Amino acid sequence: MPMLAPTVILCPSITNSSFNASMIREAIPGGTGQISGSFTVEQSTNLAVLLRLQGRLEESRRHFQRALAIFERAKGPDHPNTVTALGGLGMVAYDEQHLDEALGYAQQALERIQRGLGPDTPRAELPLRTLARIHLRAGRVVQARESLTRALRLLEKENGPDSGVSGGVQRELGEVELRAGALGVALTRCQRALELDSRAQGAENPDVALDLACLGEAHWAQGATPRALPLLERARALHERAPGDKLDAARAAFLLARALWREGTPAGRERARSLLDEARRDMEALGTRALVDLRQLEAWREPLRAPP
């Protein structure tokens with residue numbers, strides 16, 4: 001996935017892996033310091049995304065709101081920059097667990113970008129993927145699949161079926177199929193995402209780590225732990241070599257811990273406990289943004305607390 005553009009973030013809901021640790025430190029000294037100085041509206045939008053990734057949701061919301069108000073006045077309600085800020089507010093609401101509010105923002109973003117650029121614009125992919133994420137969290141698997149299928153159709157119409165820009169949508173379709181229990185379809189989707197992203201962006205790209213985790217989880221869900229483990233190990237190593245969104249890294253650590261625990265060796269289970277502790281700490285540090293993932297981790301971990 002391309003690095004952060006200087007004037008606009010094309011997809012605040014999806015490009016988490018585009019932001020690395022050094023970029024966050026540049027925008028927010030020390031990663032925890034007070035923000036000072038003046039920002040252009042574009043920089044404010046970019047900063048809003050970085051703040052969201054850190055779990056600083058109230059600050060992120062303020063920057064997105066500021067950008068939205070300025071873009072609406074300066075460029076109009078249907079301009080892509082305006083829609084980006086609107087979509088960013090949707091993702092903040094999603095992270096705050098306000099799914100109805102998030103859905104409203106995402107639907108507005110989709111309507112506006114199609115009104116401004118036409119119903120077949122590939123830029124509609126971004127709000128469609130956001131809609132899918134919201135539907136999936138709400139348990140609406142069919143709607144999530146429909147939104148992603150529409151997004152994929154737009155991208156393939158514009159770029160062809162073998163374009164690397166489709167990798168993320170293929171992966172998210174795999175995640176939807178995992179939730180639906182269609183494990184064979186999930187494997188196919190995740191494998192396709194891995195092929196597209198590896199070819200287009202290189203084997204060290206952070207998106208490849210997400211594809212590996214998707215594929216590893218699908219194998220794990222099928223009970224094929226020996227196939228899952230090397231994929232999840234590679235995903236974990238990639239996150240360590242190219243730090244980006246801490247929530248993605250924490251999820252990868254959790255998935256690897258589950259596979260190691262199922263493998264059943266004493267050394268593997270000891271490492272699994274360490275990975276679970278690490279994932280829990282990182283999720284807790286992200287606050288509300290990681291709340292759903294933290295609950296899933298704790299629910300899976302609870303039976304392990306009992307004495308043997």
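## The largest pocket

By class, 18 nonpolar, four polar and 15 charged residues make up the lining of the largest pocket in this predicted model. The space in the largest pocket comes to about 1100 Å³, and of the 37 residues that line it, Leu136, Glu175, Glu217, Arg251 and Asp293 are the closest to its centre.

Several helices take part in this lining: helix 4 (80-95), helix 6 (125-137), helix 7, helix 8, helix 10, helix 12 and helix 14 are the elements that give two or more residues to the largest pocket. Helix 12 provides the largest share of the lining, with seven residues.

## Salt bridges between helices

The count of salt bridges comes to 26, and a few of them are described here. One of them pairs Arg145 with Glu177, whose closest N and O atoms are 2.8 Å apart. Because Arg145 lies in helix 7 (residues 141-159) and Glu177 in helix 8 (residues 167-180), this pair ties together parts that are 32 residues apart in sequence. The two partners fall into separate accessibility classes, since Arg145, at 26% relative accessibility, counts as partly exposed, whereas Glu177, with a relative accessible area of 6%, is buried.

Another salt bridge is formed by Arg271 and Glu233, with the closest N and O atoms 2.6 Å apart. Here Arg271 belongs to helix 13 (residues 266-285) and Glu233 to helix 11 (residues 225-241), so the pair ties together parts that are 38 residues apart in sequence. Arg271 has a relative accessible area of 33% and is partly exposed, and Glu233, at 28% relative accessibility, also counts as partly exposed.

## A buried pair and its network

Asp245 and Arg289 meet through their side chains in a salt bridge, with an N to O distance of 2.7 Å. This pair links distant parts of the chain, with Asp245 placed in the loop between helix 11 and helix 12 (246-263), and Arg289, 44 residues apart from it, in the loop between helix 13 and helix 14 (291-301). Both Asp245 and Arg289 are buried. Through salt bridges that share partners, Arg52, Asp95, Asp245 and Arg289 are joined into one network.

Arg52 appears again in the surroundings of Ser60, a residue of helix 3 (residues 57-75). When neighbours within four places in sequence are left aside, Ser60 is in contact with Ala48, Leu51, Arg52 and Val92. Ser60 is itself buried, with a relative accessible area of 0%.

## The disulfide

A search of the whole structure finds one disulfide, formed by Cys190 and Cys214, whose sulfur atoms are 1.9 Å apart. The pair links distant parts of the chain, as Cys190 lies in helix 9 (residues 183-201) and Cys214 in helix 10 (residues 206-221), 24 residues apart. A disulfide is a covalent bond between the sulfur atoms of two cysteines.

Both ends of this link can be placed by their accessibility: Cys190, at 0% relative accessibility, counts as buried, and Cys214, with a relative accessible area of 3%, is buried as well. Helix 10, which holds Cys214, is also among the elements that give two or more residues to the lining of the largest pocket.

Note on methods
Residues are numbered from 1 along each chain as its sequence is written. This is a predicted model: local features need pLDDT of at least 70, side-chain atom pairs count only at pLDDT 80 or more; totals for chains, interfaces and linings use all residues. Side-chain values use heavy atoms; hydrogens and water are left out. A salt bridge is a side-chain nitrogen of Lys or Arg within 4 Å of a carboxyl oxygen of Asp or Glu. Helices (H or I, at least four residues) and strands (E, at least two) are DSSP runs, numbered from the N terminus. Buried means under 20% relative accessible area, exposed over 50%, partly exposed in between (1.4 Å probe, protein chains only). Contact means heavy atoms within 4.5 Å. A disulfide is a pair of cysteine sulfur atoms within 2.5 Å. On a 1 Å grid over the protein atoms alone, a cavity is a set of points where a 1.4 Å probe fits but cannot get out, and a pocket is an open set with protein on both sides within 12 Å along at least five of seven lines; lining residues have an atom within 4 Å of a point. Grid points are joined across faces, edges and corners, and a volume is the space filled by probe spheres set on the points. Ala, Val, Leu, Ile, Met, Phe, Trp, Tyr, Cys and Pro count as nonpolar, Asp, Glu, Lys and Arg as charged, and the others, Gly among them, as polar.
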